[in-house]
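Me: Please take a close look at the charged side chains of this model, and at how they pair. I would like one connected account rather than a list.

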Amino acid sequence: MEQRTLLNEAQLSVLRLLGRMKTVEQVNELRQLISNYYAQKATEEMDRLWVAGEWSEEKNDSVLNEHLRTPYRYARQ
């Protein structure tokens, strides 16, 4: 009988890696490595956008001051 999973191969690989870890410290180190990886990718993409002229100081200021909260429709009075 075929066993099916909702996880993709990358997710299964990470689970196999976690299965080999013996301590919470090792898991925390892996978590930090993954966080660093995504931070580096975000930095690289922002650098690319800046060099391509798709991002500027003005756009940065605009995003920092943008109000993104969803208003409550049913506010109590």
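**Charged pairs along the helices**

Reply: Arg-16 has a relative accessible area of 43%, so this residue is partly exposed, and in this predicted model its side chain meets that of Glu-9 in a salt bridge with an N to O distance of 2.6 Å. The pairing belongs to a wider set, since the count of salt bridges comes to four; side chains of opposite charge can pair when their charged atoms come close.

Helix 1 covers residues 9-20, and at 1.5 Å a residue its twelve residues should span 16 Å, which agrees with the 17 Å between its end C-alpha atoms. The N-terminal end of helix 1 is capped by Asn-8, which places a side-chain oxygen 3.0 Å from the backbone nitrogen of Ala-10.

Further along the chain, Lys-41 and Glu-44 both lie in helix 2, three residues apart, or about one turn of the helix, and their side chains form a salt bridge at 3.8 Å, N to O. Lys-41 counts as partly exposed because its relative accessibility is 37%, and Glu-44, at 36%, is likewise partly exposed.

Another salt bridge links Arg-48 with Glu-54, the closest N and O atoms being 3.8 Å apart. Salt bridges that share partners join these two residues and Glu-45 into one network. Within that network, Arg-48 has a relative accessible area of 40% and is therefore partly exposed, while Glu-54, at 45%, is partly exposed as well.

For contrast with these charged residues, Leu-30 of helix 2 (residues 24-51) counts as buried because its relative accessibility is 16%, and Leu-30 touches Leu-17, Leu-18 and Met-21, leaving aside residues up to four places away in sequence.

Technical notes
Residues numbered from 1 in each chain as written. Predicted model: local features only at pLDDT ≥ 70, side-chain atom pairs only at ≥ 80, totals over all residues. Heavy atoms only, no water. Helix = DSSP H or I, 4+ residues; strand = E, 2+ residues; numbered from the N terminus. Expected span 1.5 Å × (residues − 1). Polar contact = N/O pair within 3.5 Å; in protein donor to acceptor, adjacent residues only side chain to side chain. Buried < 20%, exposed > 50% of the residue type's maximum accessible area, 1.4 Å probe, protein only. Contact = heavy atoms within 4.5 Å.
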